[in-house]
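The following exercises concern charged side chains. Please study the sequence and structure before working through the solutions.

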Amino acid sequence: MRKYITKASERIGVESTSRDGKRAQVVSYSTCENFIIRFCDGKEMKLKNWRYFIEGNFNYEKHFKAPRNREERIGEKKIMNNGLTAEVIEYRGSHDMDILFEDGEKRTGVSWRDFCIGNIAHPTIHGGNVSQNELVLRFYLESLGFVRIPQRSKRSDRVGLEGKELDLYNDKLKIAIEYDGEYSHTKNKDDEGKNKIVEKLGIKLYRFREPGCSGVSGRNYILEDSRFMSASLECCLKSFVRDVLKKDDKFINFEKDKRTIKEYVSNNKRATIHLYEKKKMNNGMVAEIIKMSSCRNITVQFEDGEIVYHKCYQSFVKGNISHPKDTSLAKKNQRLNIRKQMKNGISD
């Protein structure tokens with residue numbers, strides 16, 4: 001009859017040989033799914049299956065050798081969903097990499113899969129996804145001249161915000177709006193700091209705050225709940241439009257606009273870090289990003305007012321966005337009647 005080892009002390013010191021011929025013995029044992037073995041060269045490995053150890057179904061080389069494609073992946077660059085380019089600077093495994101963002105910030109311990117799909121958040125630029133209720137405010141107030149001021153953007157510097165963001169801002173009225181979610185506004189230190197900055201600039205800041213937020217001074221609309229498109233949010237928004245902007249609030253109707261709002265939220269849920277960035281395209285014209293749903297879906301406006309939709313940020317950086325009138329027919333008309341002397345000396 002087979003004798004089963006049941007005590008932890010009896011399993012310490014048990015030896016086995018790996019698939020690649022390396023002898024190892026158990027040096028620490030908690031359970032059959034949590035124990036440590038040590039090889040003859042002193043290296044240790046944690047195992048989670050006692051039967052696999054006894055049968056030798058473990059591999060020394062596979063565990064300790066350098067990743068096969070380490071050199072290939074170091075230096076790899078991709079644009080993350082927040083619009084910033086990131087580069088792999090260290091690769092220890094598919095679930096343990098270090099990356100460096102284009103602004104010099106570093107993230108450690110990220111996975112190769114998240115890197116490939118652009119799903120790695122910036123360590124200091126928060127808000128990879130914009131709050132849904134913030135987008136509801138933007139849906140109604142964009143038509144009244146309110147725009148988003150992204151964090152660390154050129155527009156933020158022009159306004160004088162010292163790199164701070166504003167969820168919505170009307171430059172003519174000098175009125176700003178912040179939507180404060182209870183998840184990220186439990187401490188009011190940053191909120192009070194932003195209040196002081198905008199006060200010095202002569203900007204009136206109004207905050208729509210969820211009930212779980214900490215107390216903060218200023219002009220606040222305290223919501224009764226944090227649900228998407230809540231009746232409390234609609235009531236506060238109408239009050240703001242009516243009392244502050246002195247406008248008719250009848251155009252605000254969550255129930256009537258429910259479908260349109262959800263489509264708007266779906267198309268604009270990503271952060272807009274590069275919003276209003278300008279660059280000269282290869283055709284010599286300056287273009288500006290006026291909408292950024294993601295790094296693969298931006299809307300660009302040329303200096304003459306022409307707009308191009310559904311372009312990627314990488315093409316914008318390289319200047320590879322064509323003007324909408326740069327069609328083959330337009331180029332053909334431009335080249336008609338052009339005269340040039342050929343190498344044989346005859347003008348044609």
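Two exercises with worked solutions follow.

The model is predicted: local features need pLDDT of at least 70, side-chain atom pairs count only at pLDDT 80 or more, and totals for chains, interfaces and linings use all residues. Residues are numbered from 1 along each chain as its sequence is written, and side-chain values use heavy atoms, leaving out hydrogens and water.

**Exercise 1.** Determine whether Asp-180, in its salt bridge with Arg-209, is buried or exposed.

Step 1. A salt bridge requires a side-chain nitrogen of Lys or Arg within 4 Å of a carboxyl oxygen of Asp or Glu. The closest N and O atoms of Asp-180 and Arg-209 are 2.4 Å apart.

Step 2. Asp-180 belongs to strand 11 (residues 175–180) and Arg-209 to strand 12 (residues 204–209), so the pair links distant parts of the chain, 29 residues apart; strands are DSSP runs (E, at least two residues) and helices are runs of H or I (at least four), numbered from the N terminus.

Step 3. Buried means under 20% relative accessible area, exposed over 50%, and partly exposed in between (1.4 Å probe, protein chains only). Asp-180 is buried because its relative accessible area is 0%; Arg-209, at 2%, is buried as well.

**Exercise 2.** Describe the salt bridge between Arg-259 and Glu-263.

Step 1. The N to O distance between these side chains is 3.9 Å.

Step 2. Both residues lie in helix 10 (residues 258–268), four residues apart, about one turn of the helix.

Step 3. Arg-259 is exposed, with a relative accessible area of 67%, whereas Glu-263 is partly exposed at 45%.
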